[in-house]
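User: Please take a close look at a single strand of this protein, at its partners and at its place in the interior, and set it in the context of the whole model.

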Amino acid sequence: MTVDISSVDCRAPVPSRLRDRSGHASPWRRFCVGASLMGALTAAFAPTSAAATSGLGNGSFEQLDIAPDYFQNFVAGESIGTWRVSMGSVDLIRANFWQASDGRQSLDLNGSGDRPVGGVQQTFATRPGETYEVVYSLAGNPGGDATAKTGAVLVNGAVVQSFSFGSSTSTREDMRYQTRKVRFIAIGLSTTLEFRSTTEGAYGPVIDDVDVGRCACGATS
Ligand SMILES: [Ca+2]
């Protein structure tokens with residue numbers, strides 16, 4: 001079963017002094033039941049208290065403070081704080097370039113060059129058997145063609161959610177971020193969370209404000 005779980009959370013625009021550069025819904029596997037419960041689940045299963053937050057770091061991509069008005073390309077193997085670029089390349093984007101969902105920076109999962117289709121991952125401590133919820137902000141590079149920007153969330157290398165964001169009406173001043181959520185059950189003392197683009201070209205899905213917390217939703221199926 002796959003469930004598309006998303007809720008709109010548009011953020012206020014920021015001032016622009018933007019230079020010219022152009023610019024994700026999701027099968028939710030297993031965990032926490034059926035599509036008919038989707039709305040209720042979205043509201044009911046917010047991440048638990050801060051005490052239950054995982055050791056995920058740099059969820060807002062604010063580390064590695066880059067130059068204002070700019071973006072910076074990172075290629076596979078390079079680090080962005082506690083994230084590691086897992087494939088291709090990605091662009092760390094400053095808010096003066098386009099609106100961040102949180103703080104000053106966001107991440108375009110597509111970079112540039114010969115391998116623009118990128119991904120980032122990091123590994124953090126988990127408790128086996130516990131359910132965790134990943135909450136993140138999703139948008140899409142407003143540049144490029146009008147096709148939806150697509151990607152996936154992976155846990156330990158397995159896709160747990162595919163996402164798509166139509167950015168044809170997005171602007172760099174108003175990225176129209178949406179909050180997306182997906183859950184997983186930890187099977188080990190550590191878990192690797194990854195975001196990958198599946199969009200060709202240099203204008204990919206954009207993520208920001210990633211958080212992972214233990215979910216008080218009991219067993220999932
Ligand atoms: Ca941020």
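Analyst: A suitable place to begin is a cross-strand pair: L92 stands opposite L107 in β6. The model is a predicted one, in which local features need pLDDT of at least 70 and side-chain atom pairs count only at pLDDT 80 or more, while totals for chains, interfaces and linings use all residues. Residues are numbered from 1 along each chain as its sequence is written.

The strand under examination is β5, which spans residues 89-94 and has 5 of its 6 residues buried, so it is largely enclosed by the rest of the structure. Here a residue is buried if 20 or more other C-beta atoms, placed from the backbone, lie within 10 Å of its own, exposed if 12 or fewer do, and partly exposed in between; strands are DSSP runs of E with at least two residues, helices are runs of H or I with at least four, and both are numbered from the N terminus.

β5 pairs in the antiparallel sense with strand β6 (residues 105-108) over 4 bridges, and it also pairs in the antiparallel sense with strand β2 (residues 71-75) over 5 bridges, where pairing requires that DSSP find at least two bridges between two strands. On the β2 side, F74 stands opposite V90 in β5.

Leaving aside residues up to four places away in sequence, L92 touches F61, L64, I66, F71, Q72, F74, I80, Q105 and L107, a contact being counted if the C-beta atoms of two residues, placed from the backbone, lie within 7 Å. L92 and L107 also recur in the largest nonpolar core, which has 39 residues and in which these two, together with V120, V134, L138 and I207, touch the most other members. The largest share of this core, 5 residues, comes from strand β8 (residues 131-140). Such a core is a set of buried Ala, Val, Leu, Ile, Met, Phe, Trp, Tyr and Cys residues joined through C-beta atoms within 7 Å.

As for the wider setting, the protein has 1 helix and 13 strands, and buried residues make up 48% of its 221 residues. The mean pLDDT, the predictor's confidence in each residue on a scale from 0 to 100, is 81 for the protein, with 74% of the residues reaching 70 or more. Over residues 1-51, however, pLDDT stays under 50, and for this stretch the model has 107 contacts beyond four places in sequence.
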